[in-house]
Amino acid sequence: MEEDEAQMRAALRLAARGLGNTWPNPAVGCVLVKEGRVIARGWTQPGGRPHAEAVALERAGEEAAGATAYVTLEPCSHHGRTPPCCDALIRAGVARVVVAMRDPDPRVDGRGLARLRAAGVAVEEGLLGAEAARLNAGFLRRITEGRPLVTLKLAATLDGRIATAGGESRWITGAAARRAVHALRARHDAVLVGSGTVLADDPELTVRLPGLDPVPMLRVVADARLRTPLSARLVATAGQHPTWLLTSAGHRPAALAPYIRAGVEVVALRRAPGGGLPPRAMLAALAQRGVTRLLVEGGAGLAAAMLKAGLVDRLVWFHAPGVMGAEGLPGVGPLGVAALARMPRFRLVASTALGEDVMSEYAKEEG
């Protein structure tokens, strides 16, 4: 049992390498062990193909016969762009498969395990299942709830201010914290900002870390009123980095045409009764297009909308060691909290010093 757990933990570490790079597919890891020796490893490749099992089996070759495969998610059993992984394991002659958790995708959901057992392969499931579920929380959210996992990122002073009254915000945090933000982006499929952030900061929202070459970051702008300037860097670079514009239905085609010509994909949604775009509708639209892990980077209105709707699963707060005062711009807009019992709550998961700044990571308090 100790050996099984050690190999599954290794498979989970491999799976984590794919976070942010494999959507709409899950990030999966696979370790092949034979006679107490690791003969091959694999993880889901960028873009979701090939799958972890296929990578490991190709590396193992004929040695895979009689091996034990440790896989973080049930091997697929349906034909997509590649044949089913459960069939590949059977053809390779794998003797035993240890799976952390079942795949809730209706096309799989136990069918892969059943096919392995029917072929005479010994199957065990549930080892480190909770850890596997946490790792692939975005994929699970998309399948079971029709929305991506949402991480809200804030970079603010100790009193929660993100800019001076005049809008100055560069830079509240230091270089180490900014590098951590890029690493955070790299672990997500897409980054979402509101049009106000585009107007105030003209961000590029790419991943810029030496030696890191992830799948190009999907940039998404929530802009019901079509305020995003055509001169914005997000629009100007849409040909090199995928960029989506979530806006309200009813805009004239002539108004949308310049964005489309620039390479921006326009997604029209029905406005909420009070104006703006409904948070749940935005997330559903992203999930329908394959997004599993979403990083929300601003601004204050978008952060408040996601919090009020109860849609923030994780919160990453970069605290700068300064105090700006009440005249500074808050990181979160009005929430309408009239009683403490109605305040969104999170539990602290980790806290890391980054130079003079501190990165605090929180998970949503359930119940």
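**A walk through a predicted protein chain**

Hi everyone, let's begin with contacts. In this protein chain, if we take the contacts with a separation of 6 or more, 72% of them are between residues 24 or more positions apart. Please keep in mind that what you see above is a predicted model.

Now for the overall layout. The protein chain has 12 helices and 16 strands. Its radius of gyration is 22 Å, close to the 21 Å that the globule rule gives for 367 residues, so the chain is as compact as a globular protein of that length. If you draw a box along the principal axes, the C-alpha atoms fill roughly 65 × 45 × 40 Å.

What share of the 367 residues is buried? The answer is 51%. As for the outside, the accessible surface comes to about 16,800 Å², and carbon and sulfur atoms account for 53% of that surface. The chain also carries 45 positive and 35 negative charges, and the mean positions of these two sets are 7 Å apart.

Let's go inside. The largest nonpolar core has 40 residues, and the ones with the most contacts inside this core are M8, L32 and V97. Which element gives the largest share of this core? That is helix α1, residues 2-16, with 5 residues.

Take L32 as an example. Leaving aside its neighbours within four places in sequence, L32 is in contact with a set of residues including V38, I39, A40, L57 and A60. R37 and T68 are also among the contacts of L32. Apart from this core lies another one, of 30 residues, with A222, A224, L277 and L311 among them.

Back to helix α1 for a moment, where we also find R13. Is R13 buried or exposed? With a relative accessible area of 55%, above the 50% cut-off, R13 is exposed. You can use R13 to get a feel for distance, too: R13 and R225 are 212 residues apart in sequence, and their C-alpha atoms are 43 Å apart in space.

Next, some backbone details. Most residues other than glycine have a negative phi, and most peptide bonds are trans. Here are four places to look at with that in mind.

Start with the peptide bonds. The bond from W23 to P24 is cis, with omega near 5°. P24 sits in the loop between α1 and β1, and β1 covers residues 29-34. R49 and P50 are also joined by a cis peptide bond, with omega about -10°. You will find P50 in the loop between β2 (37-43) and α2 (52-60).

Then come the phi angles. D202 is not a glycine, yet has a positive phi of about 45°. L205, another residue other than glycine, has a positive phi near 60°. Where do we find them? D202 is in the loop between α8 (195-201) and β9 (218-222), and L205 is in the loop between α8 and β9 as well.

How exposed is each one? D202 has a relative accessible area of 27%, so D202 is partly exposed. L205 has a relative accessible area of 3%, so L205 is buried.

To finish, try finding three spots in the structure above: L32 in the largest nonpolar core, P24 after its cis bond, and L205 with its positive phi. Thanks for listening!

Key. Residues are numbered from 1 along each chain as its sequence is written. This is a predicted model: local features need pLDDT of at least 70, side-chain atom pairs count only at pLDDT 80 or more; totals for chains, interfaces and linings use all residues. Side-chain values use heavy atoms; hydrogens and water are left out. Helices (H or I, at least four residues) and strands (E, at least two) are DSSP runs, numbered from the N terminus. The radius of gyration is taken over C-alpha atoms; the globule rule is 2.2 Å times the number of residues to the power 0.38. Buried means under 20% relative accessible area, exposed over 50%, partly exposed in between (1.4 Å probe, protein chains only). Contact means heavy atoms within 4.5 Å. Accessible areas come from the Shrake-Rupley method with a 1.4 Å probe; for residues, only the protein chains shown count as cover. Lys and Arg count as positive and Asp and Glu as negative; His and the chain ends are not counted. The place of a charge is taken as NZ of Lys, CZ of Arg, CG of Asp or CD of Glu. A nonpolar core is a set of buried Ala, Val, Leu, Ile, Met, Phe, Trp, Tyr and Cys residues joined through side-chain atoms within 4.5 Å.
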